[in-house]
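Morning, everyone. I have one structure to walk you through today. Let's put it on the screen.

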Amino acid sequence: MPNENSMSNLPPWILNDGDEAYIATDYLHIIEGRRACWKCKKQTRVIGLGIGEYVHIYDDGRRPRYEIGEDYLDPGEEVHLAWTDREEEIPPKLLRYLKKNYSVKTGYSKTAGTCFANHCDCCGAIQGNWFLFGEPDSPLSSDAYGTELIIRMEQLKIKAIPIEDDLKLNWDLVFCDNDYAYLKYGQFEEVILSDDPENEYVSYEELYRG
Ligand SMILES: [Zn+2]
């Protein structure tokens, strides 16, 4: 987690490709759930990405400013669902892990065009990003209440990848009041992407090495 002093003078270029940016600190996440494939009706795994602690950088109209995204409980207790339509926005080492372990790839759908997306484990049909990341009914969404929220979250695997360096990520984030529920009710496990036996926190260099 960067401290305030190190970020008090943000360089103007930090927002060069948008009017806001998110910098993930400490962990990246993979949120794994299941749904019935719309085409073959069989159960298939679907995943989202996630960030926990982060720094939000935005432009107040005059210069870049920042806020540290700690929740009102304890730091690190929330996970926010994330995705990107462009696989080049995912650090290469994480992308290789995702493609090796899940049916994710860049595909094509009539409604969304070319996009990085989940595909059915059984029949290979593309599973729409809009449904998974834009709809409260998604098995990956924490936008549910009471018993329904708990049951939905208990079916999720929350994989946490320790990261050594803070990462600026151009991912689309989904914020919800119930984002504490992923870690409270989901099945937590750590995924170590670092090849360094002395350090389980994967470095920027290792994540982005080609
Ligand atoms: Zn299918």
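Let's start in a loop. Ser-142 sits in the loop between α2 and α3, the helix of residues 146-154. Keep in mind that this is a predicted model. So, is Ser-142 buried or exposed? Ser-142 is buried, because 27 other C-beta atoms lie within 10 Å, and the cut-off for buried is 20 or more.

Who are its contacts? Set aside the neighbours within four places in sequence. Then Ser-142 is in contact with Leu-149 and Met-153. The list goes on with Cys-176, Asn-178, Asp-179, Ala-181 and Tyr-182. There is also a long step along the chain to look at. Ser-142 and Leu-81 are 61 residues apart in sequence, yet their C-alpha atoms are 8.7 Å apart in space.

Now step back to the whole protein. There are five helices and 13 strands. The protein has 210 residues, and 31% of them count as buried. Take contacts between residues at least 6 apart in sequence: 70% of those join residues at least 24 apart.

Next, the core. The largest nonpolar core has 38 residues. Which of them touch the most other members? They are Tyr-22, Ala-24, Leu-28, Ile-31, Ala-82 and Tyr-182. Several elements each supply at least two residues of this core. Among them are the strands β1 (20-24), β2 (27-36), β3 (43-51) and β4 (54-59). So are β6 (80-83) and β10 (157-162), and the helices α2 (129-134) and α4 (181-185). You met Tyr-182 a moment ago, as a contact of Ser-142.

Look at Tyr-22 more closely. Not counting residues up to four places away in sequence, Tyr-22 touches Ile-51, Tyr-54, His-56, Leu-169 and Leu-173.

On to the strands. A quick reminder first. Strands of a sheet pair through backbone hydrogen bonds, either parallel or antiparallel.

Start with β3. Seven of its nine residues are buried, so β3 is largely enclosed by the rest of the structure. What does β3 pair with? One partner is β2: nine bridges join β2 to β3, and the two run antiparallel. Find Arg-34, and its bridge partner in β3 is Arg-45. β2 and β3 form a hairpin, with six residues between them. In that turn, Lys-41 has a positive phi of about 70 degrees. Another partner is β6. Three bridges join β3 to β6, again antiparallel. There, Ile-51 stands opposite His-80 in β6. Ile-51 is also one of the residues that Tyr-22 touches.

Now an open sheet. Four strands make it up, in the order β5-β4-β1-β11, and the pairing is antiparallel. Which strands are at the edges? They are β5 (64-68) and β11 (167-169), each pairing on one side only. From one strand to the next, the twist averages 30 degrees. In this sheet, five bridges join β1 to β4. One place to look is Glu-20, which stands opposite Tyr-58 in β4.

There is an open sheet of three strands as well. Its order is β7-β8-β9, with antiparallel pairing. The edge strands here are β7 (104-109) and β9 (126-127). Strand β8, residues 113-119, pairs with β9 over two bridges. His-119 stands opposite Ile-126 in β9.

Two helix residues to finish. First, Leu-183, in helix α4. How many C-beta neighbours does Leu-183 have inside 10 Å? The count is 18, so Leu-183 is partly exposed. Beyond four places in sequence, Leu-183 touches Glu-77, Val-79, Ile-158 and Phe-188. The C-alpha atoms of Leu-183 and Glu-154 are separated by 9.6 Å, with their positions 29 residues apart along the chain.

Second, Glu-206, in helix α5, residues 204-208. Why does Glu-206 count as partly exposed? Because Glu-206 has 19 C-beta neighbours inside 10 Å, and buried takes 20 or more. Setting aside residues up to four places away, Glu-206 touches Lys-93, Ser-194 and Asp-195. Lys-93 is 113 residues from Glu-206 in sequence, and 7.2 Å away in space, C-alpha to C-alpha.

That's the tour. Back to you.

Technical notes: Residues numbered from 1 in each chain as written. Predicted model: local features only at pLDDT ≥ 70, side-chain atom pairs only at ≥ 80, totals over all residues. Buried ≥ 20, exposed ≤ 12 C-beta atoms within 10 Å, placed from the backbone. Contact = placed C-beta atoms within 7 Å. Core = buried A, V, L, I, M, F, W, Y, C linked by C-beta atoms within 7 Å. Pairing = 2+ DSSP bridges. Axes fitted to C-alpha atoms, helices over the stretch in contact; angles between N-to-C directions.
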